[in-house]
Amino acid sequence: MNREQAINAFSQLGTIMKELGNGNEFPGISLGITESEYLELQRTVNKQVQFNGWFTKDSVRQSLLALGGWLEKGQLENWLAPYSWNERPKRVGIIMAGNIPLVGFHDLLCVVLSGNTAVCKMSSDDKTLLPALVKALYHFLPGLKERIVLSEGKIGEIDAVIATGSNNSHLYFEQYFGKYPHIFRKNRTSVAILNGSESEAELTELGTDIFSYFGLGCRNVSHLLLPEGYDFTHFFQGIFPHSDVINHFKYGNNYDYNKAVYLMNQLPLLDNNFVLLRETEDLHSPLAMVHYHFYKNDDDIRSYLKQHEEALQVVVGKEYTPFGKAQSPGLSDYADGIDTMSWLNTLT
């Protein structure tokens, strides 16, 4: 197996993922799988919510569209051009998170397209969608069966590891996998910087950054930096198109719980009936709540970003990542700013 063959296989899988993401009917045999196989994939997409209440059909489709968009052949070739292919594959463990659908897919893609073997320990919260897609991938390159290992249990023998989890699980990673070459990822979140001149359309896009995947991703905005005297009326009008989020029972339960806790403790909140806003400089906010604080000048902004740089994934704003694009990373937008492909190329 060589890189060109692997690129072609992932490119064909990307076509399938985009069809599924768009909710399309079976488009024909050009897809590379049969109609019954495609319908089975559709059923897998639609039943994810039965395994994980956060994985609604819309959330899974959003993930499939985003990831499928990466897998166009030209994009893959351009991305991979600076990196080498390992002729002597290493077994790279991937300990996957389960906060949003297919969150570990980019790591798998990196490992396989660097010429190595991906030994994946899937999250119990996301354990059926990836196997279904990998099964389709094998149609296009059977040799990948030797390069992708999926497991819910022990990870087995490895030469290196990529592990994603919480700050608490980071201690576990250090204890059990610290002896291997590794990338360990801890809790991160994202912020948005507003200056008061944002249009209603831009604020609606900011709502996408806040509410996509119900705010569960590290690329979701959980904190706002606002100019002193900011008028929240404009903000609430802009994010109103996302108000249906409150109808999701798990999100709604978090909203009700957090509201009750803060009211019982007589802590001030802003509330628009589907998200809570709390003034604090704390970076991380509970689900269904967004933190905010006011700044006086650009120095205040730079100081806050510097203070929290190790915990920030994305900064959204007019001079940063555009509104609405926090959950639309490119292939080279590596988690935590660590170039996974360059690291994989160091494994010998």
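Leaving aside its neighbours within four places in sequence, which residues is S212 in contact with? Keep that in mind. One caution before we go on: this is a predicted model.

First, where we are. S212 sits in the loop between helix 9 (200–211) and strand 7 (221–227). The partners are Q62, G207, N220 and Q327, with neighbours within four places in sequence left aside. Closer along the chain, there is T208. Its backbone oxygen lies 2.7 Å from a polar atom of the S212 side chain.

Is S212 buried or exposed? Buried. Its relative accessible area is 9%, and the cut-off is under 20%, so S212 counts as buried.

Now the sheet. It is open, with five strands in the order 3-2-1-4-5, and the pairing is parallel. Strand 3 (148–151) and strand 5 (182–185) are the edges, each pairing on one side only. From one strand to the next, the twist averages 15 degrees.

Take one pair. Strand 2 (residues 117–121) runs parallel to strand 3, and four bridges join them. Here C120 stands opposite L150 of strand 3. Helix 8 (residues 167–177) packs on this sheet. It touches strand 1 (91–95), strand 4 (160–164) and strand 5. The directions of helix 8 and strand 5 make about 165 degrees.

Last, the cores. The largest nonpolar core has 90 residues. F10, W79, L108, L206 and F235 have the most contacts inside it. Look at W79. Beyond its neighbours within four places in sequence, W79 contacts H106, L109, C110, L113, L331, S332, Y334 and M341. Another core lies apart from the largest one. That core has eleven residues, including L225, Y295, I301 and L312.

Technical notes. Residues numbered from 1 in each chain as written. Predicted model: local features only at pLDDT ≥ 70, side-chain atom pairs only at ≥ 80, totals over all residues. Heavy atoms only, no water. Core = buried A, V, L, I, M, F, W, Y, C linked by side-chain atoms within 4.5 Å. Buried < 20%, exposed > 50% of the residue type's maximum accessible area, 1.4 Å probe, protein only. Contact = heavy atoms within 4.5 Å. Helix = DSSP H or I, 4+ residues; strand = E, 2+ residues; numbered from the N terminus. Polar contact = N/O pair within 3.5 Å; in protein donor to acceptor, adjacent residues only side chain to side chain. Pairing = 2+ DSSP bridges. Axes fitted to C-alpha atoms, helices over the stretch in contact; angles between N-to-C directions.
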